[in-house]
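Here are my notes on the model you sent over, set out as numbered points. Please read them with the structure open beside you.

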Amino acid sequence: MIAELARYLGALLVLAGALFSLIAAIGVLRLPDLYTRLHAASKAGAIGAGLILLAVAVVSFDGAVVLRALLGIVFLLLSTPVAAHLLARAAYRCGEAPTATTTVDDLK
Amino acid sequence: MSGAAALQLAGQAALGLLLIGMVLAVIRLIRGPNLGDRILALDMIGVLAVGFIGGVAVLTGFTLYIDIAIALALVSFLATVALARYLMSRAARRSRESER
């Protein structure tokens with residue numbers, strides 16, 4: 001009974017994670033400048049991959065696998081914002097122009 | 001529908017969605033327009049690949065794949081950091097050359 005419920009939950013989590021990842025990819029393709037694209041990729045992308053890893057943890061019923069999946073999620077949630085911040089900083093130093101509708105630039 | 005069947009169906013659908021996402025990221029990789037956008041697209045492809053490996057782990061029940069996903073996330077993060085550092089050093093070199 002519990003195993004069956006866990007499989008339904010895992011199916012839901014896998015689908016949700018894939019949808020988040022797809023939305024992130026659409027944002028990377030469609031948004032107007034590098035900074036907004038980074039915003040889509042770093043948030044939705046990390047959540048998408050994290051949800052799929054969580055689904056693996058839910059359906060596995062194995063303590064070691066659950067621990068490793070949680071470790072992977074924590075690592076994703078730590079590393080993705082760091083990478084995005086570093087990339088945005090490097091691009092700003094390079095003089096990458098934000099889109100014309102940007103109104104506030106605190107670094108100017 | 002039984003739980004296992006629902007899991008199989010959701011796993012297949014998830015792999016399809018991730019494949020579409022990867023194609024969109026590759027289009028951004030090709031179109032650019034700058035180096036920063038290309039680095040971002042590479043990072044996105046890495047995160048999508050982590051999700052893809054997770055989906056395969058759910059589908060096959062072969063949970064050893066999760067180690068591969070963690071290793072890939074690590075390598076993809078390091079690659080993004082290295083490329084961002086390269087972008088920054090290139091900007092510094094350019095500003096030094098323009099001062100001369």
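1. Just after H2(A) comes Phe61(A), whose phi is positive, near 55 degrees. Helices here are DSSP runs of H or I with at least four residues, strands are runs of E with at least two, and both are numbered from the N terminus. This is a predicted model, where local features need pLDDT of at least 70, side-chain atom pairs count only at pLDDT 80 or more, and totals for chains, interfaces and linings use all residues. Residues are numbered from 1 along each chain as its sequence is written, with chains lettered from A and ligands numbered from 1 in the order in which they are written.

2. H2(A) itself has 27 residues, which should span 39 Å at 1.5 Å a residue, and its end C-alpha atoms agree at 38 Å apart. (The expected span is 1.5 Å times one less than the number of residues.) Since 23 of those 27 residues are buried, H2(A) is largely enclosed by the rest of the structure. Buried means 20 or more other C-beta atoms within 10 Å of the residue's own, exposed means 12 or fewer, and partly exposed lies in between, with C-beta atoms placed from the backbone.

3. H2(A) also supplies the largest share, 17 residues, of the largest nonpolar core. That core has 63 residues, and those with the most contacts inside it are Val14(A), Val28(A), Leu53(A), Ala55(A), Val56(A) and Met44(B). By nonpolar core I mean buried Ala, Val, Leu, Ile, Met, Phe, Trp, Tyr and Cys residues joined through C-beta atoms within 7 Å.

4. Val28(A) is a good residue to click on. Leaving out residues up to four places away in sequence, Val28(A) touches Arg37(A), Ala40(A) and Ala41(A), along with Leu24(B), Ala25(B), Arg28(B), Leu40(B), Ala41(B) and Met44(B). Contact means that C-beta atoms, placed from the backbone, lie within 7 Å.

5. How many residues of each chain meet at the interface? In total, 48 residues of chain A are in contact with 45 residues of chain B. On the chain A side, H1(A) gives the most, with 17 residues. That side divides into 33 nonpolar, eight polar and seven charged residues. In this count Ala, Val, Leu, Ile, Met, Phe, Trp, Tyr, Cys and Pro are nonpolar, Asp, Glu, Lys and Arg are charged, and the others, Gly among them, are polar.

6. H3(A) has 31 residues, and its end C-alpha atoms are 45 Å apart, in agreement with the 45 Å expected at 1.5 Å a residue. Its buried residues, including Ile73(A), Leu76(A) and Leu87(A), pack against H2 of chain A together with H2 and H3 of chain B. After H3(A) comes Gly95(A), with a positive phi near 85 degrees.

7. Turning to chain B, there are three helices and zero strands. Its radius of gyration is 18 Å, well over the 13 Å that the globule rule gives for 100 residues, so chain B is more spread out than a compact globule. (The radius is taken over C-alpha atoms, and the rule is 2.2 Å times the number of residues to the power 0.38.) Its C-alpha atoms fill a box of roughly 70 × 25 × 10 Å along the principal axes, and 41% of the 100 residues count as buried.

8. Finally, H1(B) buries residues including Leu7(B), Leu17(B) and Arg28(B). Among what covers the buried residues of H1(B) are H1 and H2 of chain A together with H2 of chain B. Gly32(B) follows H1(B), and its phi is positive, near 75 degrees.

Key
Two residues are in contact if their C-beta atoms, placed from the backbone, lie within 7 Å.
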